Amino acid sequence: MGRGRAKAKQVKVARQLKYNSGGTDLDRLRDELGVGDSSRSDDADDLNYELADRYADYADDYGAGDDDDGRPSGRR
């Protein structure tokens with residue numbers, strides 16, 4: 001009959017873990033994911049602007065309708 005008591009305790013602990021987990025450290029999670037850190041977002045924005053400028057130069061050089069095979073670009 002000892003098995004029933006052990007199983008009941010396991011069920012109780014499982015329910016506590018499932019429903020009363022709480023205590024999540026959101027600041028630590030935010031740091032691990034790199035979200036909400038203004039210095040990191042500034043660096044990412046700078047990188048995005050740099051890449052956009054670089055590819056904008058390519059778009060200016062090659063134009064919208066120039067393809068390697070001589071056919072006009074776009075859907076058919």
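The following dialogue works through how to read a predicted model of a single chain.

Q: What is the average pLDDT of the chain, and where is confidence lowest and highest?
A: Where pLDDT is low, the predicted coordinates should not be read in detail. In this predicted model, the chain averages a pLDDT of 76, and 72% of the residues score at least 70. Helix α1 (residues 2–19) has the highest confidence, at 89, whereas α3 has the lowest, at a mean of 75.

Q: How many helices and strands does the chain have, and what pattern do they follow along the sequence?
A: Three helices and zero strands are found in the chain. Read along the sequence, the pattern is α-α-α.

Q: How many of the 76 residues count as buried?
A: A residue is called buried when its relative accessible area is under 20%. Of the 76 residues of this chain, 0% count as buried. The accessible surface comes to about 7,600 Å², and carbon and sulfur atoms account for 49% of that surface.

Q: How many salt bridges does a search of the whole structure find?
A: The criterion is a side-chain nitrogen of Lys or Arg within 4 Å of a carboxyl oxygen of Asp or Glu. The search of the whole structure finds three salt bridges.

Q: Which side chains meet in salt bridges in helix α2, and how far apart in sequence do they lie?
A: In one pair, the side chains of D27 and R30 meet at 2.9 Å, N to O. D27 and R30 are three residues apart in helix α2 (residues 26–33), about one turn of the helix. In another pair, E32 meets R28 at 3.4 Å, N to O. Because E32 and R28 are four residues apart in helix α2, about one helical turn separates them.

Q: Are these α2 residues buried or exposed?
A: E32 and R28 are both exposed. R30 counts as partly exposed because its relative accessible area is 38%.

Q: Which residue forms a salt bridge with E50, and how accessible are the two partners?
A: The partner is R54, with the side chains meeting at 3.3 Å, N to O. Both residues lie in helix α3, four residues apart, about one turn of the helix. E50 is partly exposed because its relative accessibility is 43%, and R54 is likewise partly exposed, at 39%.

Q: Which residues gather in the patch of negative charge on the surface?
A: Residues enter such a patch when they have over 30% relative accessible area and no salt bridge, with like charges joined within 9 Å. Here the patch gathers D53, D57, D60 and D61. D60 lies in helix α3 (residues 38–62). With a relative accessible area of 63%, D60 is therefore exposed.

Note on methods. Residues numbered from 1 in each chain as written. Predicted model: local features only at pLDDT ≥ 70, side-chain atom pairs only at ≥ 80, totals over all residues. Heavy atoms only, no water. Patch = residues over 30% accessible without salt bridge, like charges linked within 9 Å, V, L, I, M, F, W, Y side chains within 5 Å. Areas by Shrake-Rupley, 256 points an atom, 1.4 Å probe, with all protein chains shown as cover. Lys, Arg positive; Asp, Glu negative; His and termini not counted. Charge placed at Lys NZ, Arg CZ, Asp CG, Glu CD. Helix = DSSP H or I, 4+ residues; strand = E, 2+ residues; numbered from the N terminus. Buried < 20%, exposed > 50% of the residue type's maximum accessible area, 1.4 Å probe, protein only. pLDDT = per-residue confidence, 0-100.
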